[in-house]
Amino acid sequence: MKIRCLVTAGPTREFFDPVRYISNPSSGKMGFAIAAAARKIGWQVDLVAGPVSLPTPEGCLRHDVVTGEDMYGKVSELFPSCTVLIMTAAVCDFRPKVFFPKKQKKSAGGSMTVEFEYTRDILKTISGSKQAGQMLVGFAAETDDVENYAKRKLLEKDLDWIVANQVGVSGSGFESDMNTVTLFSREGQMLSFGPDFKKAIAEQIVSLLNLSLAGSKPSL
Ligand code: CTP
């Protein structure tokens, strides 16, 4: 049976007027590399992408989205027919409570306050509808205490695997071409890849997930 894989990538944006938003510097490179690697081993790939300027990896079906709710809508539509969901997207965690339909003008000497609320946790919501045989993989972007926070997310979001990477250090994470990651599984396995190019890391991650889907216990 052909494995159908759903990958999310890039940032999401939350607007507070027609020309201004809150977001994060995710480039989408890791997610696009994962999509390309999954396609390379013959998986059918749907790629849900936030606003990024990257070409679609060959053979992947791309769905462009902007906000977290757009991403949730597309993921919840495609999830029931997929075997593996890999959420590399850096979903923006906050959105402005109020959207101003007109561009906000500056007033001389004034200041501006925007109140934020949390956005939906897509992975946590989706994991509630997981069926037997489906695999959920999250990514954890951490600036510190990487292992503890990643393991906590694995449990809280009810995932099969979490890929932890340290952001905020040079040569790794958001905008870099390189990455170093540690994967933790629900069953207590722990593996590290890198430092290496995101393309190589992506291939190692996908090959590990392929083994895990086949039921073997990957080890170093
Ligand atoms: N995620 C999600 N929906 C959100 C936020 C995150 O689905 N609103 C997913 C990400 O795609 C990633 C995982 O959850 O696979 C962990 O994301 P991360 O940003 O590391 O953590 P958060 O859950 O946002 O927690 P925090 O910001 O407190 O570290």
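A polar contact is a pair of N or O atoms within 3.5 Å. The views below show a predicted model.

**View 1. Polar contacts of the ligand with Met-87, Ala-141 and Lys-153 in the predicted model.** An oxygen atom of the ligand lies 2.8 Å from an N or O atom in the side chain of Lys-153. At Met-87 the partner is instead a polar backbone atom, 2.7 Å from an oxygen atom of the ligand. A polar backbone atom also serves at Ala-141, where the separation from a ligand oxygen atom is 3.0 Å. The ligand taken alone exposes 570 Å², and 78% of that area is buried by the protein.

**View 2. The shell of residues around the ligand.** The shell comprises 15 residues, and the nearest of them are Met-87, Ala-89, Arg-120, Lys-153 and Lys-157. Sorted by class, the shell holds 8 nonpolar, 2 polar and 5 charged residues. Helix α3, residues 122-127, and strand β9, residues 135-142, each contribute at least two residues to the shell. Strand β9 makes the greatest contribution, with 4 residues.

**View 3. The largest pocket, whose space is taken by the ligand.** The volume of the largest pocket is about 990 Å³. Its lining consists of 41 residues, and those nearest the centre are Ala-89, Ala-90, Val-91, Asp-93 and Phe-139. Ala-89 thus belongs to this central group and is also among the residues that come nearest to the ligand. At least two lining residues come from each of α1 (29-40), α3, β9, α4 (146-156) and β10 (161-166). The lining divides by class into 19 nonpolar, 13 polar and 9 charged residues.

**View 4. The second largest pocket, lined in part by α1 and α5.** This pocket encloses about 250 Å³ of space. It is lined by 13 residues, and Lys-29, Phe-32, Ala-33, Lys-198 and Lys-199 are the closest to its centre. Helices α1 and α5 (198-213) each supply at least two residues of the lining, and the largest share, 6 residues, comes from α1. By class the lining has 7 nonpolar and 6 charged residues, with no polar residue. Helix α1 also supplies at least two residues to the lining of the largest pocket.

**View 5. Ser-212 and its side-chain partner Trp-161.** Ser-212 is situated in helix α5. A polar contact of 3.1 Å joins the side chain of Ser-212 to the side chain of Trp-161. Ser-212 and Met-87 are 125 residues apart along the chain, and 17 Å separates their C-alpha atoms. Met-87 is the residue whose polar backbone atom lies 2.7 Å from a ligand oxygen atom.

**View 6. Backbone geometry at Pro-195 and Asp-145.** The peptide bond leading from Gly-194 to Pro-195 is cis, with omega near 5°. Pro-195 is placed in strand β12, which covers residues 190-197. Asp-145 is not a glycine, yet its phi is positive, at about 50°. Asp-145 lies in the loop between β9 and α4. Each of these two flanking elements supplies at least two residues to the lining of the largest pocket.

Technical notes
Residues numbered from 1 in each chain as written. Predicted model: local features only at pLDDT ≥ 70, side-chain atom pairs only at ≥ 80, totals over all residues. Heavy atoms only, no water. Near = heavy atom within 4 Å. Polar contact = N/O pair within 3.5 Å; in protein donor to acceptor, adjacent residues only side chain to side chain. Areas by Shrake-Rupley, 256 points an atom, 1.4 Å probe, with all protein chains shown as cover. 1 Å grid on protein atoms, 1.4 Å probe; cavity = no way out; pocket = protein on both sides within 12 Å on 5 of 7 lines; lining within 4 Å. Sits in = over half its atoms within 2 Å of the grid points. Nonpolar A, V, L, I, M, F, W, Y, C, P; charged D, E, K, R; others polar. Points joined across faces, edges and corners; volume = space filled by probe spheres on them.
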